[in-house]
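Here is a short tour of one protein model. Keep the sequence and the 3D view at hand while reading.

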Amino acid sequence: MAICVGSEFQVDEDGRLHIRVCGEPDAAPWPYSCDAVDANPLRIDEACGIWAPPYAKAAMVSASGSTADVYATCPVSFTEIDTADILINNPSPCYSATVFRWVNVDIDFNIPTGDARVGAQIDSNSFLLVENGAPATGTSMDAVHWEYCQPLIGGGTIPPGGSLLYSASISVGNGQSGGQYGQVRWTVRALVLAGLS
């Protein structure tokens, strides 16, 4: 009786049936200190046979934005003036994705003489407080700008094949004696990891 096998198998010269492996790798013992029973990803499903976990996926994405180039008085209480938003798609249809963001913000300020002051925040984290201590006869700080990068982890995971909008609040505050804020420019860079827990 003849037995036919598919192309994924081969019969050697002694009639033994082998799984064909691309490249014909050499035999080698398990070289790792961890237990092969737990660490080897190959498994057997009684309904469909041998399986291995899907490939992990990673992606780098970015988004940018800015406000109008108009100056306004910096408020005393921190007030949101923009949000750094990025819509991220999970590159994996199999795994949930974790997102690491780097939010870069650049804000223009006018800080007049006479103890004028301005401040700024990203996602409730204060990164700037500047005061012009020059007397009224001194020098104003016009059209100066500060740039800051805030790393952010969290905000929820993205389900397999799904999307999620991530937002980081940009606020100004601690205003004093006529300090002003102007245009805000921001960029979000995000690393998306799926299946790499």
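Is G133 buried or exposed? G133 is exposed, because its relative accessible area is 57%. Bear in mind that this is a predicted model. G133 is found in the loop between β10 (125-132) and β11 (141-153). Now compare its position with that of G155. The two glycines are 22 residues apart along the chain, and 39 Å separates their C-alpha atoms.

**A buried strand residue**

Turn next to V118, in strand β9 (residues 116-122). V118 counts as buried, since its relative accessibility is 0%. V130 is 12 residues away from V118 in sequence, yet the C-alpha atoms of the pair are 5.6 Å apart in space. Which residues touch V118, leaving aside neighbours within four places in sequence? They are C74, F109, I111, L128, L129, V130, G173, N174, G179 and Q180.

**Two residues with positive phi**

Most residues other than glycine have a negative phi. N174, one of the contacts of V118, has a positive phi of about 60° although it is not a glycine. Its place is in strand β12 (residues 163-176). S124 also has a positive phi, near 70°, and is a residue other than glycine. S124 sits in the loop between β9 and β10. At 65% relative accessibility, S124 counts as exposed. N174 is partly exposed, with a relative accessible area of 25%.

**Polar contacts of N90 and D106**

N90 lies in the loop between β7 (79-89) and β8 (97-111). Although in a loop, N90 counts as buried, at 7% relative accessibility. Which backbone oxygen lies 2.8 Å from a polar atom of the side chain of N90? It belongs to Y95. The backbone oxygen of I158 lies 3.1 Å from a polar atom of the N90 side chain. Not counting residues up to four places away in sequence, N90 touches Y95, S96, A97, I158, P159, P160, G161, G162 and A194.

D106 is in strand β8. This residue counts as buried, because its relative accessibility is 10% and buried means under 20%. A polar contact joins the side chains of D106 and H145. Beyond its neighbours within four places in sequence, D106 is in contact with H145, W146, E147, Q183, V184 and R185.

The table gathers the polar distances described above.

| Side chain | Partner | Distance |
|---|---|---|
| N90 | Y95, backbone oxygen | 2.8 Å |
| N90 | I158, backbone oxygen | 3.1 Å |
| D106 | H145, side chain | 2.8 Å |

**Aromatic pairs**

How many aromatic pairs are there? The count comes to 3. One of them is W30 with Y32: the ring centres are 5.0 Å apart and the planes are at 75°, so the pair is edge-to-face. W30 counts as partly exposed, at 36% relative accessibility. Y32 is exposed, with a relative accessible area of 53%.

**The largest pocket**

Last comes the largest pocket. Its volume is about 240 Å³. What lines the largest pocket? The lining consists of I19, R20, V21, L42, R43, I44 and I50. These divide into 5 nonpolar and 2 charged residues, with no polar ones.

Conventions
Residues are numbered from 1 along each chain as its sequence is written. This is a predicted model: local features need pLDDT of at least 70, side-chain atom pairs count only at pLDDT 80 or more; totals for chains, interfaces and linings use all residues. Side-chain values use heavy atoms; hydrogens and water are left out. Helices (H or I, at least four residues) and strands (E, at least two) are DSSP runs, numbered from the N terminus. Buried means under 20% relative accessible area, exposed over 50%, partly exposed in between (1.4 Å probe, protein chains only). Contact means heavy atoms within 4.5 Å. On a 1 Å grid over the protein atoms alone, a cavity is a set of points where a 1.4 Å probe fits but cannot get out, and a pocket is an open set with protein on both sides within 12 Å along at least five of seven lines; lining residues have an atom within 4 Å of a point. Grid points are joined across faces, edges and corners, and a volume is the space filled by probe spheres set on the points. Ala, Val, Leu, Ile, Met, Phe, Trp, Tyr, Cys and Pro count as nonpolar, Asp, Glu, Lys and Arg as charged, and the others, Gly among them, as polar. A polar contact is a pair of N or O atoms within 3.5 Å; within protein, one must be able to donate a hydrogen and the other to accept it, and residues adjacent in sequence count only if both atoms are side-chain atoms. Rings of Phe, Tyr and Trp (its six-membered ring) pair if their centres lie within 6.5 Å; planes under 30 degrees apart count as stacked, over 60 as edge-to-face and the rest as tilted.
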